[in-house]
Structures are given as C-alpha cells and as structure tokens.
Number of protein chains: 2
Amino acid sequence: MPRQKKSKSKRPGEKRADIRAVAAKAGVSIATVSRTINGNNKVETLTARRVREAAKSLGYQPNTQARALVSGRSHMLGVMISDITNPFFPELIQSFEEIAVANGYEIMIGSTSHDPRLIEGVIDRMLQRNVEGVAVMTFGVEASVLDRLASRDVPLVFIDVAPNAPGMAALSVDYRFGIEQAIQHLAVLGHRRIAFIAGPRTLQSAVLRENAFIEGTRQIGLKTPPEYIVRGTHTLEGGTKAMEELLRLPMPPTAVMCSNDMTAIGVLHAAADNGLRVPEDVSVIGFDDVHIARYTIPPLTTIQMSCKTLAVSAFSALRAHAKGNVQSAPERYEIPTQLIVRRSTAIPNGALADLNTPLQRQALPSRRVKGSKS
Amino acid sequence: MPRQKKSKSKRPGEKRADIRAVAAKAGVSIATVSRTINGNNKVETLTARRVREAAKSLGYQPNTQARALVSGRSHMLGVMISDITNPFFPELIQSFEEIAVANGYEIMIGSTSHDPRLIEGVIDRMLQRNVEGVAVMTFGVEASVLDRLASRDVPLVFIDVAPNAPGMAALSVDYRFGIEQAIQHLAVLGHRRIAFIAGPRTLQSAVLRENAFIEGTRQIGLKTPPEYIVRGTHTLEGGTKAMEELLRLPMPPTAVMCSNDMTAIGVLHAAADNGLRVPEDVSVIGFDDVHIARYTIPPLTTIQMSCKTLAVSAFSALRAHAKGNVQSAPERYEIPTQLIVRRSTAIPNGALADLNTPLQRQALPSRRVKGSKS
DNA sequence: AAAACGCGCGAAAACGTTTTCACTGGACTT
DNA sequence: AAGTCCAGTGAAAACGTTTTCGCGCGTTTT
C-alpha cells in the first residue's frame, strides 16, 4: 500500500507540483513542458504560453536532482578556499557567487583550514555532488588535491599555480607591480630598513609575493638581511607573533610589508601593544585590501587585488573549460594589483628611525587629519 | 546511436563506476550493494565484505543526485545569513558546516544583503535544491521569507523570532544578561552618559538588543535621552556615521555601546578620526566578539555570543524537526551571552568627561600595558 | 501533382539510485 | 514431522526529469 501517513501538508493531496501535473493542466505531453521550461525554441508560441501559465498557476519548480541526474549537469561549482575566517575570502565568495547565480549555478564552498585531511574530505564531497568545476582559490595547493581532482575530469581553475594538464586554467596575479609600487612608496618616504612578513611556505602565492618583495628591494639597491624576512601564517596571530620577532631584533625595521591584510592587522596590534606608533615609528603595508583595511587604526596602506576581477576571471575560465571548447584554452587571465596609500605609512622619524636615514619630508602623501588633537 | 564522441577520459571505457558495476563484480544484485553501502544490517557479513571490496577496487562513489531523487532526501541544509562580509557569519558558518558535514550534510549558503529581492531568490534556490531544512541566521526576517518557506514544509530554525507554526524552532539568545553586564561595567567605571548604536529596525534581534539596553540602563537609574540612541546598519560604515552623529551632539556620551562588533569598529575609526582617544575619551563596547575584536586598537571590550553554541543548537533543532519527531519540539534553545572586558573601556576622564561625573579610580580592570611609552 | 522537407509534438528510454515485494531455504516451534 | 518464521537475497517499481526518435501534417521544391 502507498504510505499515506506523511500527509501533514495543508491539504492532503497538495503535493509539490509535478511536470506531469503541468502537462496535464496545459493539455500537452511532459516533453513539451520540459522543452518550454528549458527555452527550447521548437515549441509553438501559443503552446508555450499555455504551458507557462499552467506552470505558474501550479507553482511548478523543476526538481533539480532529477534534472541533474538525467542531464548529467549538476549546475554546481565548487570553490575551495583556505580560511573562511580571513575576510578576503568571504568577499571573494560573494563576488563569485553573484556571478555564478546569475548564470544559473549554485556554489559549494570548501574551507580547508590548511589541513590536508580536511582538503581530501572537501574534494570528495565536491566530487560526490558532481560539481561541474572547481575554483581553487586557496592560493597554492598541495599536489594531492590536484591529482584527486584531475583524475575525474572536472575543469579546474587555480590561482598562480599552473598545471599543464588539459581542462585546467590558471589565473596569474601580477604581484610584482603592486609590490614594487609599495617598495617605491616606502623608499621615497625614506625607508631603508624594510622587513617582510611572508605567508606559509605551502602557499604558492605567498611564495610569489615573497619573491616579488625580494626582487623589488634588490632592484632599488636595498639588500634585505635574512632576519628581515619572517614567516607568518596569513592570520592575525601570525602577524602579531612575527612582528614581535621583528621587534626583538637589535635593529628593527622602520617599515614592515605583509603578505596579507590579516597579517598587517596583527602587526598593527603588536606595534600598539609595544608602545610603537604607526606610522610615526613603523610603517605598515598590507596585501589584499580587504574591506576592513579602511577602518583599521590607522587606516591601512595596502596592495589591492581586485577580488571582483578574480571572481570574474575564475568563473569565465571555468565556464570556458566546462563548455568543452578546450581549444580556446590557454588564455592567461591576468589579475592586476595596485597600491592603495592610506595612513599606515609615513616618513620614519620615530623611535625606530636611524641617523643614517636621510629624511625627505616632501614625500608624505597629503591627507587631511580631521580634528587632529595637538 | 549512442554518442561516443565524449570519450576524452584516460581510457575509452573508463566511466565512473556504477552501482551495477559493483554488483556485477561482487556477484550480487544492485539491491544488495545498496543495502551494504547504506549500512542496512540485513546483509550477510561475508557478502557485505565482498561488496565493499568490489566497491573499493572500482572506486565506487554513489551518485548523490540519484540518491536524492529516489529517497527524497537531499542531505542539504540551507543557511541564511544577512551579510557574509560581517566576520561573525563566516565564523558561524564554519561552526555550522563542521557539524553538518560530520553528520553527512552539505550546506548551502544564502547571503541576503538585506535586500528583499535577493532573499526571495535565495529561498527559491534553496527550495529548488530541496534543502531538508534551513537555519535562518539572519537575525530577524521579513515576513515574506517565513511565508515562502513555510508553505513547503521544510523545517526551519530562527534566531529570536519565534513563529508558532509546526516544524519551526527558535533559538533564543539571552541578550539581557550580557548587555546588563556591560552596562554595569560602564556604570562602575563611572559612566553616566551612555549611548547606543542600534542595528537596522528590520532585524528582530537588533531590536531586542536595543530594548535590552534601554531596559538595562533604566534599571540602574539612568535615563537615556532619545538622541543617545542612534541607528546604525551593523556595518563599519554605519558605525562610523552613527558615531559622527553622536559627536555632533552638544553633550556627547562618554561611552558607546554597539549592536554589533562591526559597528564598534566603525566607531573606533570615527573616534580616532576625530582625535578622540579610546578609552580615555570614549569607551566603546561591541557585540558578538568576532575574532578580530581582540586585534582592534585598542582591543575591543565586547559581549560574546558563542557562535559555536549557536551552530550546535541550530543544527540539533533542525535535525529534531527533520526527523519528524515533531512531538519533541518546543524545547527552547538558550544561547548565553557574556561580557568580555578588553581595553576599549575605562574611566571617563578625557576630553568628553564632565564635572558632574564622580571619578572612581579603583574600578579600572588592571591589565598590563606592555612597553607603554612615556 | 508528387516528392521532399521541416516543424511541432508525443511516446518512451534513460539517468543511478532506494525500497518494496516476493521468494528461497534453513532454523525454529508445536 | 509438519508448519511457521525469519534472515538473506533478487526483481522490479519508482523518483522527476531530459532527450531521442518517430510521426503527422502543412509547406515548399521539382
């Protein structure tokens, strides 16, 4: 017997409307309904209208799982990020989701907190849900990920790291430009002792940023002692710890560049905690330009990487590869970066300033300081 | 003819393993395979082992959509939040996801940026994906949401707002306790002019916080003039604007309580921008205790609401209602709040302090100020 | 005027599962 | 010793779609 006990809806028979129900109401076959819904032009205008009316009056919503099952398209995209707690990622997700939804996709977020075991789980879940592609925004991936995903052939987009397998695209961020801008900015202000707080070594992009820094400083004739490059974790805690390490140095830097904004905010905290004023005593520069960077104290000078651009590129790359026009593949997507000068950078003339550093007062960006007290 | 052109896998015939393939390899019927996979005890140990081996060697992963289609269970839970950009929500999501995944669920995030049109879209998408329940963590919902979701009978969990329809649960947060603690803390420090920056009026929980504040201040004999209650938007911008409004008052408050941490951070920013020191000139208290609150300058005194507890409660409520044991329904889940004292609150003796405010120096929480200059 | 064509539509197969039902054989109960 | 029961299994229905195939019919081509 059919189980009838679950009739706790409003009215007993009021089940969710079927494609069959719509077909019946419109006096056509279910095939025609399907075609109408999917915008297949092979259905007569009049019929189509009748179907649409029937569907509307019944409140018909096609069943996604059935759709996915038969068509093989889940209309799901995976997004792998490393740490949802880092505001950059929510911003990225927001942009990406917006685009995805506009194109009829749903997104599935996988937050691997740098934990390889979690990563595997995330991948398995994505595979199980049959994602049609995944954007690996984790800024550098363990090889295992790649293998696991590549074995099924789901299209992949990475940041920075560029595997040469087919069906994979890489977004390449132009770290150089922004970082060189930042170094120049610091140099013009008169900084000579510039430190860098890097990200975890496993993150490809963290390494790239680090290299860009080293390259950039050397280019302007600065030699950076190894103790000026300290490793953070791309987190607030990491930034704080790294900064404290830096301050314990016999000759601490007058400026600190960070591999991301969270690190920079941690640095700000550590500086304040140690009685140092930013920017008078130390200048600080972040990376990412998360929204909150505008609101730190002082507002953070940082290198912007448009997460909108990132999202757009990721999506279109994914889509291109998913469509199967693998031919049109290896366009490289370039993500630009750019220095945003706010108030965490200035001429070094405070506690940490040194006599051998020539002051050049003219370079300070003129910014109004509302109601500054004395 | 069957289309053969899509054989771009490694080896031509190497499709993703079927349940049929497993059955064939194990020499049983697909029914047995299904039973084995799903842990149905009605299958003999030996047979089960054979099946499991076959499955493993074939790398079999059951197809989620097919599963969902026939069983009617999507193993998806919706989470509605209002603003993914507010760090509280990522933290909440992280906790919730962890629990959900541990129990075999996937989560689908819907970020309604307070936009009713978006909300509808989110709901539709969740409904279409057949979520088995949704946790509405948006802290107050437009009625339309409720209707739309309630019409299908998917289990719902809300925060604060408690609809009495069946299948719905409400988590109730004890705002009173934390807020009274905060007010007391301020009062003991000697504050008499305490302002409140509320959240948007559409958010139920924002209103509750506001009321708790009003109640709390009255309780200790303070009367709050209406201009001391100003409306924010639960964003950084809103906090800044509201604070500026407050500072334009002929007699500005010496302490500002905020409806959430983002607002408080905005306030910190506005204060600094106007040359006011926190906490000497103004004390600031937030709400939520997001992770970053520990890293603001100064570290933010705030009212903690455990998002872990929130997540756990939400999940178990959802699960209880989903299971159908509607009988065991109306347990009220209580979420506690608690004041976390950091360094954004102190005795009011700065620019805004008033002569009619008695100083009581002993109440300042003794916290070490590392390496404080001068 | 006959043949060819194409348009609009319906019947039915397929997608990969879960679950019901019926069937077997052996172990109990009487 | 016969009947009853139960554990283990398989066949097949169902889930709600998309899509292929074929069919009628009106229109164009030869």
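# Strand pairing, chain contact and DNA surface in a predicted model

In β12(A), Thr302(A) finds its bridge partner in Ile340(A). This pair belongs to the connection between β10(A) and β12(A), two strands that run antiparallel and are joined by four bridges. The structure described here is a predicted model.

The two faces of β12(A) are unlike in their cover: Thr337(A) and Leu339(A) make up the covered face, while Gln338(A) and Ile340(A) make up the uncovered one. In a regular strand the side chains alternate between the two faces of the sheet.

**The sheet of chain A**

Chain A contains 12 helices and 12 strands. Six strands build an open sheet with mixed pairing, in the order β7-β6-β8-β9-β10-β12 (chain A). Because β7 (229-231) and β12 (337-340) of chain A are the edge strands and have a single partner strand each, one side of each is left without a neighbour in the sheet. From one strand to the next, the twist averages 20 degrees.

Within this chain, strand β8 (residues 255-258) and strand β9 (residues 283-288) of chain A pair in the parallel sense, over three bridges. Val256(A) has Val284(A) of β9(A) opposite it. Helix α8 (residues 175-189) of chain A lies across β6 (194-198), β8, β9, β10 (301-305) and β12 of chain A, and α8 runs at about 25 degrees to β12(A).

Of the 374 residues of chain A, 47% count as buried. Among contacts in chain A with a separation of 6 or more, 70% are made by residues 24 or more positions apart.

**The corresponding strands of chain B**

In chain B, strand β10 (residues 301-305) runs antiparallel to β12(B), and four bridges join them. Met305(B) has Thr337(B), in β12(B), as its bridge partner. Side chains alternate along strand β12 (residues 337-340) of chain B: Thr337(B) and Leu339(B) point to one face and are buried, whereas Gln338(B) and Ile340(B) point to the other and are not.

The table lists three strand pairs.

| Strand pair | Sense | Bridges |
|---|---|---|
| β8 and β9 of chain A | parallel | three bridges |
| β10(A) and β12(A) | antiparallel | four bridges |
| β10 of chain B and β12(B) | antiparallel | four bridges |

**How the two chains are related**

A turn of 180 degrees with a shift of 0.1 Å along the axis lays chain B on chain A with an RMSD of 0.2 Å. The two copies are therefore related as by a two-fold rotation axis. Gln65(B) comes closest to the rotation axis of the residues of chain B, its C-alpha lying at 2.5 Å. Both copies use the same surface, as 98% of the contact residues of chain B recur in chain A.

The contact takes 44 residues from chain B and 44 residues from chain A. On the side of chain B that touches chain A, two or more residues each come from α4, α5 (88-102), β2 (106-111), α6 (116-128) and α11 (261-273) of chain B. The largest share of that side is given by α11(B), with six residues. By class, this side of chain B divides into 17 nonpolar, 17 polar and 10 charged residues.

**The surface near DNA strand D**

Which residues come nearest to DNA strand D? Of the 27 residues around DNA strand D, they are Ile19(A), Ala31(A), Ser34(A), Asn63(A) and Val70(B). Both chains supply this surface: α2 (30-37) and α4 (64-71) of chain A, and α2 (30-37) and α4 (64-71) of chain B, each give at least two residues. The surface near DNA strand D has 15 nonpolar, seven polar and five charged residues.

Technical notes:
Residues numbered from 1 in each chain as written. Chains lettered and ligands numbered in written order. Predicted model: local features only at pLDDT ≥ 70, side-chain atom pairs only at ≥ 80, totals over all residues. Near = placed C-beta within 6 Å. Nonpolar A, V, L, I, M, F, W, Y, C, P; charged D, E, K, R; others polar. Pairing = 2+ DSSP bridges. Axes fitted to C-alpha atoms, helices over the stretch in contact; angles between N-to-C directions. Contact = placed C-beta atoms within 7 Å. Buried ≥ 20, exposed ≤ 12 C-beta atoms within 10 Å, placed from the backbone. Least-squares fit on C-alpha atoms with pLDDT ≥ 70 in both.
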